[in-house]
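Trainee: Could you go through this structure with me, one question at a time? I would like to hear the reasoning behind each answer.

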Amino acid sequence: MPIPLQKLFTYKITEAEAVFLRKGMRVAVEFGKSKIYTALVFKIHNEAPIGYEAKEIHQILDESPIVNELQLKHWEWISAYYMCSLGEVYRAALPSAFLLESETEIELVQNFSNEEQLSDEEFLIFEALQHQARLSISQIINVLGKKSIFPIIKKLLEKNVIIVREQIYEQYKPKLIKYVRLKEAWSANEKLSVLIETLSRAKKQRDVVLTYFQLNALKKPIKVTKLIEASNASNAVVKSLVDKEIFEFYFIQTDRINFDGNSSELKKLTEHQEVAYESIKTSFETKQTTLLKGITSSGKTEIYVKLIKEVLKSKKQVLYLLPEIALTTQLIERLQYYFGEYLSVFHSKYSMNERVEVWNNVLENKEKAQLILGARSSMFLPFSNLGLIIVDEEHEPSFKQYDPAPRYHARDATIVLANKHKAKVLLGSATPSIETYYNALQGKYGFVELNRRYGDVLLPEIELVNIKEKHRKKRMKGHFSDRLLEMITDALELKEQVILFQNRRGYAPLIECETCGVSPQCPQCDVSLTFHSYRKELRCHYCGYHQAMLHNCGACGSEKLNSKGFGTEQIEIELNELFPNAKIGRMDLDTTRGKYGYQKIIGKFEAQEIDILVGTQMLSKGLDFANVSLVGIMNSDNMLNFPDFRAHERSYQLMVQVSGRAGRVKKRGKVAIQTFNPYHQILQQVSTTNYQEMYKEQLDDRWQYQYPPFYRLIKITIRHKDFNRVEGGAIWLGKSLTAIFKENVLGPSTPSISKIRNYYIRTLILKIPQKQSLAATKNNILRVKNSFQSIKDFRSIKFNIDVDNY
């Protein structure tokens, strides 16, 4: 069932159904009092359930399985390892169009006539049902204009005015394209002159028929839209020809997304790429997973392309995982060029119908779904014959799913998936995560290094700008140091492009009253509101609450409101003042909302319609722009001082990745990093791109303080709207876990943001040493969870377990 319950449920079927049904088919079943769910067949057997009576299934929804055996095995592993139910994995894995949920509908009882006993609201519903035989719950909400309608429906049921039914709706609609053809009666050659003659008075209709014959010379089906366009006619003219029984319409089902591509010849690899390519193949002979550590702009994609070509030749499927949808936009163009007819793309910016089509194409192993490019959710597709999985930029935190469950990490889960398919995995990154690099050095993964940039361009020259000094000497203009402005001016004079990075959207993260020091807070969360100048509003980035910008302080009424800190919007506004002639673009969550949001901005920047691009961490991933010569990091300190054991590693990765966008083609690029503390060891390591030193230093810290890769982490989060209840629950949980795991329990503690959407939050972290059995630990946690939830006061507390929460 697509619900978060641990068990599987048994239903009754007839013998004929048992012959027809197979594992992985969907059936509609009734669960609870009247709700109908789309369940998935997991097993067909002859054992009656204990403790409840098996109900009959409602109906069978598929002709053949939509989920295969290997997927179900993979789901079982995810549910066991990440400590969630199979139902949660099932809900996350399938496109929502497959999960038909029933909608409650109401109908009038045939001979009801006693209208006087109805209240006003009940009469409104009664009246609406006179006009329309059935109403859904959402329609009733619209009729009454309020959300709490269930008491009214309950009263109507008691008065025997209405009956309630559950209807199931199919959500996926195939895309049909309208074509036109000549009716049989007119298709013989001798009839044509008669046809033209009958239309001699209707000039426009005659033109449409003549245009049809011209188009028909190609003997291809003719779209209605094409005929209208070619004959300069209107829809009505074609329709009248159909009414006269000269033409007829027909429909052809097509896929919503098609990539035309002519399989072009691959680029020739440089000798360094060739050596790396051969080493990967050698490493695949003995190891299932290999790490390719190639510096930024070393041409890792070209190596992937050659590997993909080989796997596709052997008639196997390839999955290419990327952390960010922005990246898929640029990569689609490159891969389409080589493998257009094999390529399908799958991510959340696509509509539900588009995702269902990709799912079905992969399930049927069609030619156009041999190479799947997608974000983390694409690992759930029904592959039958995987040969290779590529996880690009494997260090990215976006591969981890945080909410809702299953809280999986796509990199780790795909390695298990590949194991089930006997496929190979290639992890690629310029700055691998410490765990992956540790595994590679320990010999668990193969390891290949690529240390030359494509075309032997040097790595960018990195300069640390001390803004503490600049502030002291009054050499700052807004948030720009004189040195950074000088570098931007030089780049613009040479008609080169600039990228500026600031990992915070909006205008300013804090508005403060100068008189009393109070800043506007979100009423539902424990954070201050961020000011967005474009809409003149204050927004909470956690729950979406927003209000108009205040003119006076809400506490003391003073007009002196000051903004503290800065986001991408503020930099964009400052740049417009400093460089009035330059074209400035911004790329963050606010500007890339639509399906083509990324494409538009990346396309403009590639076409050099934007001179300076300001953005958040979306820019740091493997985007490739030829004309960028300068990258500026506006403030590197807020990343370094983040309270997380990976803050230093993440800052290093982010800064090196952003720097890697500079000088990728011809000449050496430049990077300016503004900081208050240029002597920080991480900034020194970034300025010399010294990954080994960073790795060694971080590994020593992790060993000393017992963190991954030496210890495993499991994080438990509890949430409730009642502060005292959460507090009591957290203390109880802390004591129970400490009794079992002793000093390996951290907490209970209050996270830095202790309330989100009116829920108070408490967390506990459990450290698991290498020698301790993971399975036994998880069983202990589940025992404690069951005891916790059997206490009456704690039953309503939300309890989340996150395995490997980093």
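Trainee: Happy to start with a charge over a ring: over which ring does the charged end of Lys778 sit, and how far from its centre?

Mentor: A charge sits over a ring if NZ of Lys or CZ of Arg is within 6 Å of the ring centre and within 35 degrees of the ring normal. The charged end of Lys778 sits over the ring of Tyr81, and its distance from the ring centre is 4.0 Å.

Trainee: What should I know about the model before we go on?

Mentor: This is a predicted model, in which local features need pLDDT of at least 70, side-chain atom pairs count only at pLDDT 80 or more, and totals for chains, interfaces and linings use all residues. Residues are numbered from 1 along each chain as its sequence is written, and side-chain values use heavy atoms, with hydrogens and water left out.

Trainee: Which ring lies under the charged end of Lys23?

Mentor: Here the charged end sits 5.3 Å from the ring centre. The ring under Lys23 is that of Phe42.

Trainee: What is the strand order of the open sheet of 6 strands?

Mentor: Helices (H or I, at least four residues) and strands (E, at least two) are DSSP runs, numbered from the N terminus, and two strands pair if DSSP finds at least two bridges between them. In this open sheet the pairing is parallel. The edge strands, E17 (461–466) and E26 (584–587), each pair on one side only. The order is E17-E29-E28-E20-E27-E26.

Trainee: Which residue of E29 is the bridge partner of Ile462?

Mentor: E17 pairs with E29 (residues 670–675) in the parallel sense, over 6 bridges. In E29, the partner of Ile462 is Val671.

Trainee: What angle does the direction of helix H22 make with that of E28?

Mentor: H22 (residues 647–659) packs on the sheet and touches E17, E20 (497–501), E28 (628–633) and E29; contact means heavy atoms within 4.5 Å. Axes are lines fitted to C-alpha atoms, for helices over the stretch in contact, and angles run from 0 to 180 degrees between N-to-C directions. For H22 and E28 the angle is about 155°.

Trainee: How are the rings of Tyr437 and Tyr695 arranged?

Mentor: Rings of Phe, Tyr and Trp (its six-membered ring) pair if their centres lie within 6.5 Å; planes under 30 degrees apart count as stacked, over 60 as edge-to-face and the rest as tilted. The centres of Tyr437 and Tyr695 are 4.7 Å apart and the planes are at 90°, so the pair is edge-to-face.

Trainee: Where in the chain are these two, Tyr437 and Tyr695?

Mentor: The pair links distant parts of the chain, 258 residues apart. Tyr437 is in helix H16 (residues 434–441), and Tyr695 is in helix H24 (residues 691–705).

Trainee: Is Tyr437 buried or exposed?

Mentor: Buried means under 20% relative accessible area, exposed over 50%, and partly exposed in between (1.4 Å probe, protein chains only). Tyr437 has 3% relative accessibility, so it counts as buried.

Trainee: Which residues form one aromatic cluster with Tyr437?

Mentor: Tyr695 belongs to this cluster too. The other members are Phe447, Tyr652 and Tyr691.

Trainee: Where is Lys495, and is it buried or exposed?

Mentor: Lys495 lies in the loop between helix H18 (482–493) and E20. Its phi is near 55°, a positive value in a residue other than glycine. With a relative accessible area of 66%, Lys495 is exposed.

Trainee: What is omega for the cis peptide bond from Asp403 to Pro404?

Mentor: Pro404 is in the loop between strand E14 (386–392) and helix H15 (410–421). For this cis bond, omega is near -10°.
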